[in-house]
Amino acid sequence: MPPKEGQASNYQLSKGATVKNHAKKHLTKALAVAALVPLALTACGGGGGGNSGGDASTLTLMDYYNNEPDNLAIKKEIESCASEIGVKIEREAVPGKDLIQKVLQKSSSKTLPDILMLDNPDLQEIASTGGLVPLEEFNVNTDGFAQGMLDAGTYEGKVYGLAPTANTLGIFYNKKLLADAGLTPPTTWDELKSTAKALTSGDQYGVAFSAIATYEGAWQFLPFMWTNGGDETNLDSPENKEALQLWKDLVDSGSASKSVINWSQGDVKDQFAAGKAAMMVNGPWQINALNENKDLEWDTVLIPVKEAGQKPVAPLGGEVWTIPETGNKEKQAKAAEFISCFTRDSTQLSLATQRNTIPTKPELADEFIAEKPDMKAFTEQVADARSRTGKLGDGWPKAATTIYTAIQLALTGQASVDDAFKQAAKG
Amino acid sequence: MTSQSLHSKDVVIQTPRQKPTARKRSRFDKETITKILFVVPAGLFMVLYFGYPVVKNITMSLQDYTTKTFFTGEAPWVGLQNYATVISSNLFGPAMLNTALFTVGSIIGQFVIGLGLAVFFNRRFPLSGFLRAMLLLPWLLPLIVASATWRSILDQDSGILNQFLGTFGIPAIPWLTSPSVALIAVIIVNIWVGIPFNVTLLYGGLQDIPEELYEAGSLDGATGWKAFWHITWPNLRPVVSVVLVLGVVYTIKVLDIILGLTNGGPANATQTIAVRSYQESFVNFQFGVGAAFSNILILISLVFAIIYLRANRRAVDE
């Protein structure tokens, strides 16, 4: 038994100590001191690594494009802008879900990078901490960008971030399945319901979307909610309830799987790619993955409107590039030069083509569609797309939580569509 | 408890080791310094990696700690307001209940299955060592990978589990999509994750029970179940208490499995205190409220730790 062994060795040890001379004690003391050394060393090691000093020939940069093909496309453009403005850029690409935690850690240790990419709905939250500098301080030209994108990059009237490209949501449809059924892609909610119903058979659902209990679920709901005139400032409104009723009808009629409440947008894409959904709500960042399946023929249309004649309003996605408050004016000026280069027309077109995203300057739309005709539906939407944080700013996370909770409550039957938003708002 | 008993023995043995009374009076004789130096690394480690986070978490729960705080360092003192927010929130009651159900369900499942497997593997048979090693797999798999895999296994339409059940004519079960089933599904997955831990510890405990006890018992007619109840169980008790208490402490804070499987949904059916703490901190950026949630969790764990220590003290005293 272990305790007995331990005791036995202890007897020996203490007996030995009484017998042996002092030399042994010195040795043990030396050992004890030696044991402390690594601890002291690690304590000193933590302090370094700041970037407030140094000349502006090297800039640090952080983004979350750690997957291909985004990683390479972004890397190439970063390098070309870096050589153009004559700096060396040390880039760190972190996993998307870790970015904000990294940013917060780096803010408290005052080691923010010189150039920081943020997902656009996070910009106002970070800008409100005082961690970013307005781009106008370094004369970055913000003309010509889509209004929604500027709204997303603006906090308290000042632009803090610019995006080279954007994305949004649309309907992807399986051309073969629709053609076989003699159907055309839906343009109104009623058509969406009837088309989805007609395409549902066996283990194939008519439509797939993500109603998951994360911001993704709220994001997918926005085009339906906004197009119907709903608004995040008044969630418990008839317009929002009508949009929620649409999703509920799709699930209740069996046209969409009950599993939508647990599907991320990636899962939705997998269902569509596997032919288990004839249509899906998704964004252009899935195109590369869809094209891997050569047998899959797809096309895209705008998100359907409730009644013909309504104007579709899509949510704006994409990442904005910002200059953190590092205190080094020289480096910040270089970072501003970098952002100007990174968001100029040629970079926008190049990145948009490689990454299946959309240039954020509407005047580039025609040129872009000519090059990428399958991006037409998305490109049309981006010009008038709306940012999630445009109205609520750093109050958006709370509204988004209420939206996805309401969706979950309604789709699982825990609350009626009428009560869902009210109940979700109670938190 | 082992180290405690060792220390007390140590002292008893050393005291009679007479030294001149004059030397005893000096507080910092060389031996004492040596002893202190040996304790310092461990002490520093405790303070840095346990003391500081706990104290920080407590102060954080009393502050309005938001994203802004990270940059400016300013966190206004709000007293117990975060705790009031936590307790008055609509999700607090359900989250507490879910935490309790999740913990109790997981522990019972893990322990019963783990003990069964440990007893089974305690007899030697061909390939038993290999099979026992295979049992450790769930433990070795990253939890994110495990939960992603389980998510596809449990999928209502195309999940392999429902297809398997379907061959017996059982209709598709909405494992992760029905608020009334999701918690059970999450518990099942957590039981799967926890079995290796239980098997390993209980198997170790079983190996320590001397074979002679069973031989003697069998002479008196104690075989099979009787041997289990009268020989195995009483001898395994100390290990069982370790397994259960550690199990509770590990299970109560489970986060990754729930986030991976349901993210607290559907319709908040799998919200636990740990999930609330994570979401308040890293989704809503309300770090003060998140800290309050996690302190409640620490408090509950502490209660179990104290129960465990007291139970052991009694065992040692006896």
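This is a short tour of a predicted model, one selection at a time.

**Stop 1: the two chains**

Colour by chain to begin. Chain A has 427 residues, and buried ones make up 48% of them. Turn on the cartoon for chain A and you'll find 18 helices and 13 strands. Now switch to chain B, where there are 16 helices and 0 strands. Of the 318 residues in chain B, 30% count as buried.

How much of the contact in each chain links residues 24 or more positions apart? Taking contacts with a separation of 6 or more, the share is 74% in chain A and 68% in chain B.

**Stop 2: the domains of chain A**

Stay with chain A and select 58–167 together with 317–384: that's domain 1. Give another colour to 170–315 plus 392–425, which is domain 2. The C-alpha centres of these two domains of chain A are 28 Å apart.

Next, look at where they meet. On the domain 1 side of chain A, 16 residues are in contact with 16 residues of domain 2. Which elements of chain A give two or more residues to that domain 1 side? Select helix 5 (123–127) and helix 16 (376–384) to see them. Helix 16 of chain A provides the largest share, 4 residues. By class, the domain 1 side that touches domain 2 in chain A has 6 nonpolar, 7 polar and 3 charged residues.

**Stop 3: a sheet in chain A**

Now pick out strands 2, 1, 3, 12 and 6 of chain A, in that order: these 5 strands form an open sheet with mixed pairing. Strand 2 (88–93) and strand 6 (161–162) of chain A are at the edges, and each has a single partner strand, so one side of each has no neighbour in the sheet.

Zoom in on strand 3 of chain A, residues 115–119. Because 4 of its 5 residues are buried, strand 3 of chain A is largely enclosed by the rest of the structure. Strand 1 (residues 58–63) of chain A pairs with strand 3 in the parallel sense, over 2 bridges. To see this pairing up close, show M62(A), which stands opposite L116(A) in strand 3.

Then add strand 12 (residues 319–322) of chain A. Here strand 3 and strand 12 of chain A run antiparallel and are joined by 4 bridges. Two residue pairs are worth labelling: M117(A) stands opposite W321(A), and L116(A) stands opposite T322(A).

**Stop 4: helices across the strands**

Keep the sheet on screen and add helix 3 (residues 70–85) of chain A. Helix 3 lies across strand 1 and strand 2 of chain A, at about 160 degrees to strand 2. Follow with helix 13 (residues 329–342) of chain A, lying across strand 1, strand 3, strand 6 and strand 12 of that chain. The angle between helix 13 and strand 1 of chain A is about 55 degrees.

**Stop 5: the largest nonpolar core**

Finish with the largest nonpolar core, which has 160 residues. Which members touch the most others? Show V207(A), A208(A), M280(A), I339(A), I407(A) and V186(B). The core takes at least three residues from each of domain 1 and domain 2 of chain A. Its largest share, 12 residues, comes from helix 11 (residues 182–207) of chain B.

For a last close-up, centre on V186(B). Leaving aside neighbours within four places in sequence, V186(B) is in contact with F102(B), I257(B), I258(B), L261(B), T262(B) and T270(B).

Key
Residues are numbered from 1 along each chain as its sequence is written. Chains are lettered from A and ligands numbered from 1 in the order in which they are written. This is a predicted model: local features need pLDDT of at least 70, side-chain atom pairs count only at pLDDT 80 or more; totals for chains, interfaces and linings use all residues. Domain bounds come from an automatic or database domain assignment. Two residues are in contact if their C-beta atoms, placed from the backbone, lie within 7 Å. Ala, Val, Leu, Ile, Met, Phe, Trp, Tyr, Cys and Pro count as nonpolar, Asp, Glu, Lys and Arg as charged, and the others, Gly among them, as polar. A residue is buried if 20 or more other C-beta atoms lie within 10 Å of its own, exposed if 12 or fewer, and partly exposed in between; C-beta atoms are placed from the backbone. Two strands pair if DSSP finds at least two bridges between them. A nonpolar core is a set of buried Ala, Val, Leu, Ile, Met, Phe, Trp, Tyr and Cys residues joined through C-beta atoms within 7 Å. Axes are lines fitted to C-alpha atoms, for helices over the stretch in contact, and angles run from 0 to 180 degrees between N-to-C directions.
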